Amino acid sequence: MRIFRFIAAAALATVVSSGLYAQRPDLYWSVDLQAVFDNREGDTQYADAKTFFQTQLSPEIGLSLSEGRHRIAGGVVWTQPIGCEWDGHRLSPTLYYRYQNKGLRFAMGMFGRDQLYAEMPNFIWNDSVKYAQRNMRGAMIAYRNGDGYFQAFVDWRGMQTEKQREAFNIIASGERLYKDGRFLWGGVAMMNHLALDKNPQHEEQHVTDNLLYNPYVGVNIAKMVASPLDSCSLRVGVLGALTRDRGDNQWKTPAGVWVDFDIAWKFLELKDTFYAGGKLFPYYSKFGYILDQGEPYYAASLYNRTSIAAYFLRRSFMSIKASLDFNIAPSHFNFYQRLILEFSI
C-alpha cells in the first residue's frame, strides 16, 4: 500500500507543478437594467417620428477561473415595451466565453456591446439598433493600454434561413494617443455583407457588398490649454463607403468630410457630429436597416447631429441621463427627447 501511496503522491505533485491541476472555479454573476424613453418628433423622410419606451433586463450567471481571466456565462436579455403589459416582449440569449488579462480581451458567443473598449460611432450602429439588440453575436478581440486601444469583431446578425438573409459585419477600430494625449489619430473600417436566404425565390435578391472607412486625426483641447472642462476633443477625418448590389454590379463610392466634437463639464455634455459629401447609404431606401444599421440620415448628402445632455445621477453602478438631440439633413429635421437610466451590478 505504501508504494501505491507514494506513486499517487508523486503523480499529484507532478500535476500540480505542471499547472494541470484543475482550479476551483468562482461563481460569477451580474445584472444590468436599462430603461429608455426616446420621443422623436419631426418629418419622416429618413426616420419615423415615434416613441421608444422600454425596459431591458440582462441577468448573467457563470463561472470564472484564474482570478477572473477566464469566464463562461449565460443569461437572457428581456426587452419589454412599457404600456402594453406583456405584448411586444422579446427574449434573447446570452452565452459566451471571455478571456481577460490586463489590457487583452477576447470573447466569443453572444455577449454585450459593453465588452468593447470604445463605443461604435453612429454611422455603424444607431440608437434604435442598440435599444433592440443589446448583444453582439460572434467574436471579438481587443487590447488597451495608456496609449490607446484597438478592437476587432465579427457581429453575425443574421443566419441564413428560409425567411432570413445571411448578414454579418466585420469591424475594426482603434485610436492612438501622442504627447500625453493632446494629439491622436485613429479610424474605423467595416466590411458589411448581406447575402441571400435559403433557396431564394426572388430574382431581384442579390448579394450586396458594403465597405466603410473612417480615418481621422484629432486634438484634446482640454489638455492643451488651462481649462475647467473635464474633457474637450475634436476629431476630423474622411468618411466613405464602397457599396455594390451584385444585381447591377455597379460600385457606388460616396465619401465626404467627417467632424466630431465633444465637450464635458461636471454633469453636462455636448456632442456634435457633422458629415458632408456623397450619400453614405445609397441603398437605404431599398434595404433599410437590414443592410445599413447606422443612422438613416447618412442616406442624405449632409447630416448634423447635436446632442445636449445632463446627468441627474452618475455613480459607478447607476446613471440617469437626459438629452436633447437635434438631427438635421437637407429639407429634414427630427428632434429626440431622451431619458435613459442604466443600472449595473
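Between which two strands is the loop that holds Glu85 found? In this predicted model, Glu85 belongs to the loop between strand S3 (70-81) and strand S4 (90-101). Its backbone merits attention: Glu85 is not a glycine, and yet the residue has a positive phi of about 55 degrees. As for the surroundings of this residue, Glu85 counts as exposed because its relative accessibility is 68%, and the cut-off for that class is over 50%.

The path now leads to the strands that follow later in the chain. Strand S6 (residues 135-145) pairs with strand S7 (residues 148-158) in the antiparallel sense, and 8 bridges connect the two. The connection from S6 to S7 is a hairpin of 2 residues. Within this pairing, Ile141 has Ala152 in S7 as its bridge partner.

Strand S7 also pairs with strand S8 (residues 167-178). These two strands run antiparallel and are joined by 9 bridges. At one position of this pairing, Gly158 stands opposite Ala167 in S8. Strand S7 is thus bridged both to S6 and to S8.

Beyond S8, the chain enters the loop that lies between S8 and strand S9 (183-194), where Asp180 is located. Here again a residue that is not a glycine adopts a positive phi: for Asp180 the angle is about 60 degrees. Is Asp180 buried or exposed? Asp180 is classed as exposed because its relative accessible area is 69%, a class that requires over 50%.

Technical notes. Residues are numbered from 1 along each chain as its sequence is written. This is a predicted model: local features need pLDDT of at least 70, side-chain atom pairs count only at pLDDT 80 or more; totals for chains, interfaces and linings use all residues. Side-chain values use heavy atoms; hydrogens and water are left out. Two strands pair if DSSP finds at least two bridges between them. Helices (H or I, at least four residues) and strands (E, at least two) are DSSP runs, numbered from the N terminus. Buried means under 20% relative accessible area, exposed over 50%, partly exposed in between (1.4 Å probe, protein chains only).
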